[in-house]
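These are my notebook entries on a set of contacts, packings and surface features that I looked up. I have kept each entry short.

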Amino acid sequence: MSVERNTRRLEDGIQRDFSGKMTYGSYLALDELLSAQHPVSRPEHHDEMLFIIQHQTSELWLKLVLHELRAVRRHLRDDDLRAAMKGIARIKHIQRSLTEQWSVLATLTPSEYAEFRGALQAASGFQSYQYRAVEFLLGNKNAGMLQVFESDPYAHGLLAGLLAETSIYDEFIRFLSRRGYRIPEALLNRDVTHAHEFSPELVLVYKEVYEHAAQHWDVYEACEELVDLEDNFQLWRFRHLKTVERTIGQKTGTGGSSGVGFLQKALELTFFPELFAVRTEIGR
C-alpha cells in the first residue's frame, strides 16, 4: 500500500473505537461549549462572533482565577504560605492571558462594532459577576454592586457570600499576626464587608520586612507576589480602558456607565495600599 509522503501514518496503538468510552470532546463538553455562541444581530454581523468569544473566554479564565483565589485564601488560613504563593504564581500567568486578549478585541474597529452594538441592548461587561467576585476576594468590597445582580439569584448569592467573607489580604494580615508581626488589632477585627482601608501601622510592619529581607525572606517574597498580582490587575484595567476608548471613544457604556470615565476611576482603586506606600519609607 502506498503512503503519501506528506501524510503521517496513524500508529497502530492509537485508539480508533470510542464506543462507550470517554473522548476528548465528551470530557470537555465541547458540544455544549462550542454551541454556546449565539449572535443577536440581524442580519448577523461577522464580527459579533469575535465579541462573544472574547468575553466567554475571559469568563472561563475568571472562573479559574476564582478557583485559585479561594485556594490561596484557604492556604493562608492554614499557615501554608508556600502553597498560597504557588496559587498566586498561577493566577499571575492567567492574568497575562487575560490582558493579552484585549489585543484581539482591539482589532474590532469602531465602525464594525457600531453595526451590532445596538443589538446588545443593556448587556455589558459591567454585569460580570465573576469579575466582581474576583474584586471582592482581592479586597475591593462594594455592597452597592449587589443591586446590579438582584435579578440573578445565583450571582447575588455568590457576591453576598463573598462580601461577608475575608479577602486574601485579610487572611495574609492575619497570617502575619500569627507569625508574630505586630498587626493592629483594628485590622484583625475589622468589618470585612467593607473595603480594606489604609493603615500607617501596617506600613511600619512592611518596612521592617523590606529593610531586613534576609530575616523575613518568605514574607518578603509573599509581599512582592501580592504587588505583582495588583500590578497585573491594574494593567488589565488599563488595557480594558484603552480598548474601550479606541472602540467607542467617549460614548456611554451599554450598561449605563460613563464608559471610559468610569473605567478611568477604577485605576485609582488599590487592593494592597500599604505594600505600595512602604516603598516611600524604605531607607528613611
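**Entry 1: the contact of Glu-165 and Arg-73.** I looked up Glu-165 and found it partly exposed, because its relative accessible area is 31% (buried means under 20% relative accessible area, exposed over 50%, partly exposed in between, with a 1.4 Å probe and protein chains only). The model is a predicted one, in which local features need pLDDT of at least 70 and side-chain atom pairs count only at pLDDT 80 or more, while totals for chains, interfaces and linings use all residues. I note also that residues are numbered from 1 along each chain as its sequence is written, and that side-chain values use heavy atoms, with hydrogens and water left out.

Glu-165 forms a salt bridge with Arg-73, and their closest N and O atoms are 3.0 Å apart. I applied the definition of a side-chain nitrogen of Lys or Arg within 4 Å of a carboxyl oxygen of Asp or Glu. Arg-73 is in helix α3 and Glu-165 in the loop between α7 (153-164) and α8, so the pair links distant parts of the chain, 92 residues apart. Helices here are DSSP runs of H or I with at least four residues, and they are numbered from the N terminus. Arg-73 counts as buried, since its relative accessibility is 7%.

**Entry 2: further salt bridges.** How many salt bridges does a search of the whole structure find? I recorded 15. One of the pairs is Arg-90 with Glu-68, whose side chains meet at 3.0 Å, N to O. Because Arg-90 lies in helix α4 and Glu-68 in helix α3, this pair ties together parts that are 22 residues apart in sequence. Arg-90 is partly exposed at 41% relative accessibility, whereas Glu-68 is buried with a relative accessible area of 9%.

I also entered the salt bridge between the side chains of Arg-9 and Asp-12, at 3.5 Å from N to O. Both of these residues, Arg-9 and Asp-12, are exposed. Lys-92, Glu-225 and Asp-228 are joined into one network by salt bridges that share partners.

**Entry 3: helix packing.** Two packed helices are described by the angle between their axes and the distance between the axes. I used axes that are lines fitted to C-alpha atoms, for helices over the stretch in contact, with angles from 0 to 180 degrees between N-to-C directions.

Helix α3 (residues 48-77) packs with helix α4 (residues 81-105): their axes come within 9 Å and cross at roughly 165°. This makes α3 roughly antiparallel to α4, the term for angles over 145 degrees, whereas those under 35 count as roughly parallel, 65 to 115 as roughly perpendicular and the rest as oblique. The crossing of α3 and α4 is left-handed, meaning that the near helix is turned anticlockwise from the far one by less than a right angle.

Helix α3 also packs with helix α8 (residues 168-178), at an angle of about 15° and with the axes 9 Å apart. That makes α3 roughly parallel to α8. I entered this crossing, too, as left-handed.

**Entry 4: Met-22 and Pro-200.** Met-22 is in the segment before α1 (24-27) and counts as exposed because its relative accessibility is 63%. With Tyr-24, Tyr-27 and Leu-28, Met-22 forms a nonpolar patch on the surface, and together they have about 540 Å² of accessible area. Such patches are made of residues with over 30% relative accessible area and no salt bridge, with nonpolar side chains (Val, Leu, Ile, Met, Phe, Trp, Tyr) joined within 5 Å and like charges within 9 Å. Accessible areas come from the Shrake-Rupley method with a 1.4 Å probe, and for residues only the protein chains shown count as cover.

Pro-200 is in helix α10 (residues 200-211) and is partly exposed, with a relative accessible area of 48%.

Notes
Helices (H or I, at least four residues) and strands (E, at least two) are DSSP runs, numbered from the N terminus.
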